[in-house]
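Trainee: I should like to go through the assignments in this model and ask, for each term, what justifies its use. May we set the values against the criteria one by one?

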Amino acid sequence: MPEEDLVDIKFRLFDGSDIGPFRYSATSTVDMLKQRVVSDWPKGKTIVPKAVNEVKLISSGKILENDKTVGQCKVPFGDASGGVIIMHVVVQPSPAKTKTEKKVDDSPRKIVCSCSIL
């Protein structure tokens with residue numbers, strides 16, 4: 001594989017720490033990057049993704065789609081030759097897990113009045 005087809009990427013976490021940089025082929029998918037982020041997540045963080053679908057990668061202000069390749073996500077005018085691309089990582093737990101925290105009852109309530117009129 002030619003050297004110019006490889007891209008250096010590091011992943012910036014919520015607290016400013018980084019995972020990487022790692023070298024990827026321009027044909028690697030965003031899903032592959034997310035798998036790497038989850039598998040290499042640092043120990044001791046307060047927020048930890050439990051699955052790949054809880055991770056969002058942001059590059060140049062855009063959320064990257066899983067089926068896109070690294071080559072499709074590169075911004076040509078923003079790349080410095082030989083530079084490292086920084087992708088921001090957002091962890092967003094799936095909604096099913098957050099519902100277990102506290103359920104709010106929004107159902108209509110029946111009001112019973114036991115008053116008498118004289």
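Mentor: The discussion below takes the terms in turn, from the overall layout to single contacts.

Trainee: What is the status of the model, and how many helices and strands are there in the protein?

Mentor: The model is predicted. The protein has 3 helices and 5 strands, and their order along the sequence is β-β-α-β-β-α-β-α. Of its 118 residues, 25% are buried. Among the contacts with a separation of 6 or more, 59% involve residues 24 or more positions apart.

Trainee: Why is Val91 called buried?

Mentor: The term requires a relative accessible area under 20%. Val91 has 18% relative accessibility, so Val91 counts as buried. Val91 belongs to strand 5 and touches Trp41, Ile47, Val48, Pro49 and Glu54, leaving aside residues up to four places away in sequence. The C-alpha atoms of Val91 and Glu54 are 5.5 Å apart, although 37 residues separate the two in sequence.

Trainee: How do you know that strand 3 and strand 5 pair?

Mentor: Pairing requires at least two bridges. Strand 3 (residues 55-59) and strand 5 (residues 84-91) are joined by 4 bridges in the antiparallel sense, so the criterion is met. In this pairing, Val55 stands opposite Val91.

Trainee: And what makes strand 3 and strand 4 a pair?

Mentor: Strand 4 (residues 62-63) runs antiparallel to strand 3, with 2 bridges between them. The requirement is at least two, so this pair also qualifies. Ile58 stands opposite Ile63 in strand 4. The hairpin of these strands has 2 residues between them, and Ser60 takes a positive phi near 55°.

Trainee: Which side chains of strand 3 are buried?

Mentor: Val55, Leu57 and Ser59 point to one face and are buried, whereas Lys56 and Ile58 point to the other and are not. In a regular strand the side chains alternate between the two faces of the sheet.

Trainee: Why is the contact of Arg23 with Asp8 called a salt bridge?

Mentor: The rule asks for a side-chain nitrogen of Lys or Arg within 4 Å of a carboxyl oxygen of Asp or Glu. The closest N and O atoms of Arg23 and Asp8 are 3.0 Å apart, so the pair satisfies the rule. Arg23 lies in strand 2 (residues 18-25) and Asp8 in strand 1 (residues 6-12), so the salt bridge ties together parts 15 residues apart in sequence. Arg23 is partly exposed at 46% relative accessible area, while Asp8, at 18%, counts as buried.

Trainee: How many salt bridges does this rule give?

Mentor: The count comes to 5 salt bridges. One of them joins Lys45 to Asp15, with the closest N and O atoms 2.4 Å apart. Lys45 is in the loop between helix 1 (30-39) and strand 3, and Asp15 is in the loop between strand 1 and strand 2, 30 residues apart. Arg36 and Asp40 form a salt bridge at 2.7 Å, N to O; Arg36 is partly exposed at 29%, as is Asp40 at 31%. Salt bridges that share partners also join Lys10, Arg12 and Asp18 into one network.

Trainee: What makes the pair of Phe11 and Tyr24 edge-to-face?

Mentor: Two values decide the matter. The ring centres are 6.4 Å apart, and the limit for a pair is 6.5 Å. The planes stand at 75°, and edge-to-face applies over 60 degrees, so the term is justified. This is the 1 aromatic pair found in the whole structure. Phe11 is in strand 1 and Tyr24 in strand 2, 13 residues apart, and both are buried.

Trainee: How do you know that the charged end of Arg36 sits over the ring of Phe22?

Mentor: The distance from the charged end of Arg36 to the ring centre of Phe22 is 3.5 Å, against a limit of 6 Å. The term also carries an angle condition, within 35 degrees of the ring normal, and the contact is listed as sitting over the ring.

Trainee: Which residues touch the most other members of the largest nonpolar core?

Mentor: They are Ile9, Phe11, Leu33, Val37, Leu57, Met87 and Val89, in a core of 20 residues. Strand 5 gives the largest share, 4 residues. Phe11 touches Leu33, Val37, Leu57, Met87 and Val89, among others.

Notes. Residues are numbered from 1 along each chain as its sequence is written. This is a predicted model: local features need pLDDT of at least 70, side-chain atom pairs count only at pLDDT 80 or more; totals for chains, interfaces and linings use all residues. Side-chain values use heavy atoms; hydrogens and water are left out. Buried means under 20% relative accessible area, exposed over 50%, partly exposed in between (1.4 Å probe, protein chains only). A nonpolar core is a set of buried Ala, Val, Leu, Ile, Met, Phe, Trp, Tyr and Cys residues joined through side-chain atoms within 4.5 Å. Contact means heavy atoms within 4.5 Å. Rings of Phe, Tyr and Trp (its six-membered ring) pair if their centres lie within 6.5 Å; planes under 30 degrees apart count as stacked, over 60 as edge-to-face and the rest as tilted.
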